[in-house]
Amino acid sequence: MKQSAKKASSALLAALLVLSAAFWTPGGGAAPATVSAADSLQDIQKRQKEIQQKLKDANKQLKDLEKDMDNEAAYQRQLASQISLYQQDINLMNEQIGVMTEDIAQKEEEIAQKEVEITDKETEIEQKQQEIDHSYEIFKVRMRSLYMAGETSSLEMLFSAESFADFLTNMELMKAVSQSDEQLVKRLRSQKGEQEQQRSELIEIKQQQEDILAQIEKDKEDIILKREEIKAAQSALQVSYEKSKTAQQNYEAMQEQYEKNRADVLAEEKAVEKELQAWYAAHASSSGSANSQFGWPLPGYTYISSGYGSRWGGFHTGMDITGGGVYGANIVAAESGTVIQATSHYSYGNYVIIDHGGGYSTLYAHASSLLVSVGQRVSKGQTIAKVGSTGNSTGPHLHFEVRVKGAHKNPSNYVRP
């Protein structure tokens, strides 16, 4: 399909030039068929055969072109489907990127909050350290004072008591002061340790969130990269799609030209058929005589599916004879005479025309096979072909015509089952 798309543009001009040379005359239109007294039946039949070959070629060109157009259309559908799938992927990735962007903003906010908490905790630890240092300095001064006073001062403090109860009270007071100072320092150190533990936990949580943030950012970058790759692939497909559309337009232009050429050939065919009728009319007096009653052309089958006359908005120029199992049945000459046509036609399919003399001729169409050739002398009742469904036919049957001086007549006036 891709190859056909690439070839379409370059082939178009050449194809049209060839067709113009094959079917057109320098003045334009179909080459006119002229009726000349000097023209022999063989000359007219030769031209008719050439025209039929041109028509066959034109039909083949149209058929091949239609196949190329179908392939191109299928290729376009395939491209459009893939482009749509890529767009779905891109839309999904855009949604994912949006969610990740929100997650990143949230994580950055959480990390900033943790940084504030860590800073606050460090401030608290610093303050606690200052309290510890201050209390410890007071404790050291008191201990130093007690040491410098010596045991005498301590004893004086104890023995200055007026009673034994005062002595015990003074001794407990000294002990309490010392223990209180020690407990204060211990408590402050314990609080500092707890705060340092909290700080470590905050730092760990912050690190975890930073790791999560880093992973989200990496995933986001990966998705963005993948999205750009898909966009590039989609753009490449879009270019191919546009080229294919251009090729399709070229095909349509070619099809229009082919149809015109085919119409010109059909006009030529009608003109040469008129020549044949004119020749039959001109030579009828010298062709002898023929019986007006012919033999039945399809022995064993008598059903007439379509008679002579108006049909489907047109005119049926003969009678159609058919029946069950008719395909391949023998078609016989309705009267003795000379075969003047034994060929194929786009509408008649395989057909035979027999000249019976006296201006009479009979036509047998849609045959599956022909058993006689042009110029052959045949006898009445001789098998000349086999029933088929070639040409413009909806089923196996024999299309039978009677012509007088080239003009078709109602066969029912000349044959009986």
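**Two pockets and a strand hairpin**

The largest pocket in this predicted model holds about 900 Å³ of space. Its lining counts 35 residues, and those closest to the pocket's centre are Thr317, Ser347, Tyr348, His399 and Glu401. Several elements chip in with two or more residues each: helix 3 (164–283), strand 1 (303–306), strand 3 (314–316), strand 7 and strand 11 (398–404). Helix 3 supplies the largest share, at eight residues. Sorted by class, the lining comes out as 18 polar, nine nonpolar and eight charged residues.

Next comes the second largest pocket, with about 270 Å³ of space. Here 15 residues make up the lining, and Gln52, Lys56, Ser344, His345 and Tyr346 sit nearest the centre. Two or more lining residues come from each of helix 2 (41–159), strand 6 and strand 7. Helix 2 gives the most, with six. In this lining, ten residues are polar, three are charged and two are nonpolar.

Strand 7 turns up in the lining of the largest pocket and also in that of the second largest, which brings the story to its pairing. Strand 7 (residues 349–357) runs antiparallel to strand 6, and seven bridges hook the two up. A hairpin of three residues takes the chain from strand 6 to strand 7. One of the bridges puts Ala342 opposite Val352 in strand 7.

Strand 6 (residues 337–345) has another partner in strand 9 (residues 377–378), again in the antiparallel sense, with two bridges between them. In that pairing, Gly337 is matched with Val378 of strand 9.

Technical notes:
Residues numbered from 1 in each chain as written. Predicted model: local features only at pLDDT ≥ 70, side-chain atom pairs only at ≥ 80, totals over all residues. Heavy atoms only, no water. Pairing = 2+ DSSP bridges. Helix = DSSP H or I, 4+ residues; strand = E, 2+ residues; numbered from the N terminus. 1 Å grid on protein atoms, 1.4 Å probe; cavity = no way out; pocket = protein on both sides within 12 Å on 5 of 7 lines; lining within 4 Å. Points joined across faces, edges and corners; volume = space filled by probe spheres on them. Nonpolar A, V, L, I, M, F, W, Y, C, P; charged D, E, K, R; others polar.
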